[in-house]
Amino acid sequence: MVFHVVMAGDEQEFTDALIRILQDAHAGELAAAYAYRGHARSLRQPDEKSEVLRIEEAEWHHRNMVAMLLDVLGARPRRRRELLMGSIGRFFGTLCFVGGWFGPMYAAGRLEATNVGQYESARDIADKLGWDAAVARLEEMTIEEDRHEKWFGDRCRGHWMLPFAVRMFGWQPPPAAYSATRPE
Ligand SMILES: [Fe+2]
Ligand SMILES: [Fe+2]
C-alpha cells in the first residue's frame, strides 16, 4: 500500500497506532456482539429485542470490515485479546439475565461511546496516512456506533437509576434526537 501524505518515519508510527486501535476494535466488536446476543434474549419487549439483534448484526459487520482493514495493513487480530474479549462478551451476555433491565442498557450505551471514540481516532490516523478508502469505512462505522449510543441512551434517559450510574461510571446519554416540546 502506498501512503503519500506523511513522512516515512511518521508513516510507520501512524500505521502501528492504527493497527493497535483496529486490533482492539476487532476484539471489542466480538465482545459487543456476544453481549448483545445475550442482552436481546433477556429482553421482553419485541421492539427492543429486535433492535438489539439488529445492533448485534451491525457489530459482526464492523468486525468483518475491521478484519479487512487489518489484512490490508498486513496485520492480524491479537489472539489473547480476542479470547479475553470473547469471554467478557459472553459473561456480560449471561449477566443480562440476572442484572435487571437498566444495567445492560447503560453498560451498552457506555460501550458504544467508547466505540465511537475508537473509530474516530482510527479515522483520523487513516486520514493522516492518506488512506481514503479506510477513512470512508471508519466514518461509516463511527456514524453507526453513534446511532447505537443514541439508541441505548434514549432507553436510559429519565430512568431513576441514571443519576447514580452517571456518578459512578461517568457516561451520560447524548442529547435526545428530537425534542418532545413543540413550538407555540
Ligand atoms: Fe461496532
Ligand atoms: Fe455498536
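**An all-helix chain: overview, one helix pair and one proline**

Read from one end of the sequence to the other, the chain follows the pattern α-α-α-α-α-α. This is a predicted model, and its secondary structure comes to six helices and zero strands. The points below take up the chain as a whole, then helix 4 with helix 5, and lastly Pro174.

**The chain as a whole**

- Along its principal axes, the C-alpha trace of the chain spans about 55 × 50 × 30 Å.
- The chain has 184 residues, of which 35% count as buried.
- Among contacts in the chain with a separation of 6 or more, 76% are accounted for by residues that lie 24 or more positions apart.

**Helix 4 and helix 5**

- Helix 4 covers residues 102-128 and helix 5 covers residues 132-156, and their axes come within 8 Å and cross at roughly 160°.
- Because angles over 145 degrees count as roughly antiparallel, helix 4 is roughly antiparallel to helix 5.
- The crossing of these two helices, helix 4 and helix 5, is left-handed, and their contact has, by class, 15 nonpolar, five polar and nine charged residues.

**Pro174**

- Pro174 has its place in the segment after helix 6, the helix of residues 162-169.
- With 17 other C-beta atoms within 10 Å, Pro174 is partly exposed.
- When its neighbours within four places in sequence are left aside, Pro174 is in contact with Glu149, Lys150 and Gly153.
- Pro174 and Leu30 are 144 residues apart in sequence, and from C-alpha to C-alpha they are 24 Å apart in space.

Conventions
Residues numbered from 1 in each chain as written. Chains lettered and ligands numbered in written order. Predicted model: local features only at pLDDT ≥ 70, side-chain atom pairs only at ≥ 80, totals over all residues. Axes fitted to C-alpha atoms, helices over the stretch in contact; angles between N-to-C directions. Helix = DSSP H or I, 4+ residues; strand = E, 2+ residues; numbered from the N terminus. Parallel < 35°, antiparallel > 145°, perpendicular 65-115°, else oblique. Left-handed = near helix turned anticlockwise from the far one by under 90°. Nonpolar A, V, L, I, M, F, W, Y, C, P; charged D, E, K, R; others polar. Buried ≥ 20, exposed ≤ 12 C-beta atoms within 10 Å, placed from the backbone. Contact = placed C-beta atoms within 7 Å.
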